[in-house]
Amino acid sequence: MVNISRSCFRKFLRSAKSQPCRTGLCALAVLATCAGCGDGRPSLFPVHGAVVFSSGEPVRQATIELVPEGPSPSPRGKTDVDGRFTIGTYGPEDGAPAGEYRVVVLQVMPPRAAELIRKLGEEHAEHGGKIPVVSLKYSDPQTSNLAYVVKPNNDNQMQLVVEPR
């Protein structure tokens, strides 16, 4: 937004009355310049889904990252306890630009997570067994076999299946 003083604005209006052709060209130049204005960001489209292990168990505490082919931001999201996620690019859950992506799944689990869960008590015993962790092959776009195409004007639903480590 351009801020101009009142005196400059009045001067502009007075000159506009006496020189309509020049004023029209100036206004046209300003409009043409502003027509290209914007934040330069691509349009974003909703992307959400779920990631599960091949056993059907949800992947918890994971980051899903969409790695674009070219120079572009990498949209990402975090899984909840049910393995569900929503992708965001510039803000949480704002979507992703249309295009083809390699998909990376990164999961961080504390080394003693199972032991700590068992210490919580009997009511949490079913969670204290072996906690599956995503195979490291999914942490690198070169070795991950996961891919996704974000389609414009579409409700993009991703369903990812990964192998445990």
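Buried means under 20% relative accessible area, exposed means over 50%, and partly exposed lies in between (1.4 Å probe, protein chains only). Keep that scale at hand for the exercises below.

The model is predicted, so local features need pLDDT of at least 70 and side-chain atom pairs count only at pLDDT 80 or more, while totals for chains, interfaces and linings use all residues. Residues are numbered from 1 along each chain as its sequence is written, and side-chain values use heavy atoms, with hydrogens and water left out.

**Exercise 1. Find where confidence is lowest and where it is highest in the protein chain.**

Step 1. Start with the overall score: pLDDT, the predictor's confidence in each residue from 0 to 100, has a mean of 80 in the protein chain, and 67% of the residues reach 70 or more.

Step 2. Go through the helices (H or I, at least four residues) and strands (E, at least two), which are DSSP runs numbered from the N terminus. Confidence is lowest in helix H2 (residues 20–35), with a mean of 45, and highest in strand E4 (residues 84–86), at 98.

Step 3. Look at residues 23–37, where the pLDDT is below 50. Beyond near neighbours in sequence, this stretch has 3 contacts in the model, a contact being heavy atoms within 4.5 Å.

**Exercise 2. Work out the order of the 3 strands in the open sheet, and say which stand at the edges.**

Step 1. Two strands pair if DSSP finds at least two bridges between them. Strand E1 (residues 47–53) pairs with E4 in the antiparallel sense over 3 bridges, and Ala50 stands opposite Arg84 in E4.

Step 2. The full order is E4-E1-E7, with mixed pairing.

Step 3. E4 and strand E7 (156–162) each have a single partner strand, so they stand at the edges and one side of each is left without a neighbour in the sheet.

**Exercise 3. How many salt bridges does a search of the whole structure find, and how accessible are Glu65 and Arg76?**

Step 1. Side chains of opposite charge can pair when their charged atoms come close. Here a salt bridge is a side-chain nitrogen of Lys or Arg within 4 Å of a carboxyl oxygen of Asp or Glu, and the search finds 4.

Step 2. Among them is the pair Glu65 and Arg76, at 3.0 Å from N to O. This pair links distant parts of the chain, 11 residues apart: Glu65 is in strand E2 (residues 62–68) and Arg76 in strand E3 (residues 76–78).

Step 3. Apply the opening scale: Glu65 is buried at 16% relative accessible area, whereas Arg76 is partly exposed at 43%.

Step 4. Try another pair: Arg60 and Glu57 have their closest N and O atoms 3.6 Å apart. Arg60 is partly exposed at 34%, and Glu57 is partly exposed at 31%.

Step 5. Finish with the network of salt bridges that links Asp80, Asp82 and Arg84. Within it, the side chains of Asp82 and Arg84 meet at 3.4 Å, N to O.

**Exercise 4. Is Thr79 buried or exposed, and which residues does Thr79 touch?**

Step 1. Locate Thr79 in the loop between E3 and E4.

Step 2. With a relative accessible area of 11%, Thr79 is buried.

Step 3. Not counting residues up to four places away in sequence, Thr79 touches Val51, Val59, Arg60, Gln61, Ala62, Ile64, Arg84 and Phe85.

Step 4. Look closer at Gln61: its backbone nitrogen lies 3.3 Å from a polar atom of the Thr79 side chain.

Key
A polar contact is a pair of N or O atoms within 3.5 Å; within protein, one must be able to donate a hydrogen and the other to accept it, and residues adjacent in sequence count only if both atoms are side-chain atoms.
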